[in-house]
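User: I would like to see how the labels on this structure are justified. Please show it and set the values against the definitions.

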Amino acid sequence: WNFENIADVNGEWKLYWNQLLTSTQVGDNFVYQQVPGKWNETIWENQPVGASGYGTYHVKILLPESSQGKRMGIKIGYIN
């Protein structure tokens, strides 16, 4: 991929529901969530989470060595 342009990172991300975590705190207590997408119907502990709440999304993006030291970011669209 030419990283001078925008790259999509759509797909399954880990969602840690009702948890605010750093990258070193993530563990095994997650569900996969489609991104972009709504978490409204995501099932957590046998219950749908609904529209309100909070959580941590986690995804690992593998980059080429040539990107080392370059500034990159993630653009997040509108969130209700």
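Analyst: The questions below deal with aromatic pairs, burial and strands. This is a predicted model, in which local features need pLDDT of at least 70, side-chain atom pairs count only at pLDDT 80 or more, and totals for chains, interfaces and linings use all residues. Residues are numbered from 1 along each chain as its sequence is written, and side-chain values use heavy atoms, with hydrogens and water left out.

User: Why is the pair of Trp-17 and Trp-39 called edge-to-face?

Analyst: Rings of Phe, Tyr and Trp (its six-membered ring) pair if their centres lie within 6.5 Å; planes under 30 degrees apart count as stacked, over 60 as edge-to-face and the rest as tilted. For Trp-17 and Trp-39 the centres are 4.6 Å apart and the planes are at 85°, so the pair is edge-to-face.

User: What makes the pair of Trp-39 and Tyr-57 stacked?

Analyst: Here the values are 6.3 Å centre to centre and 15° between the planes, so the pair counts as stacked. Trp-39 lies in the loop between β2 and β3 and Tyr-57 in strand β5 (residues 55-58), so the pair ties together parts 18 residues apart in sequence. Strands (E, at least two residues) are DSSP runs, numbered from the N terminus.

User: How do you know whether Trp-39 is buried or exposed?

Analyst: Buried means under 20% relative accessible area, exposed over 50%, partly exposed in between (1.4 Å probe, protein chains only). Trp-39 has 17%, so Trp-39 is buried. Tyr-57 has 32% and is therefore partly exposed.

Technical notes: Helix = DSSP H or I, 4+ residues; strand = E, 2+ residues; numbered from the N terminus.
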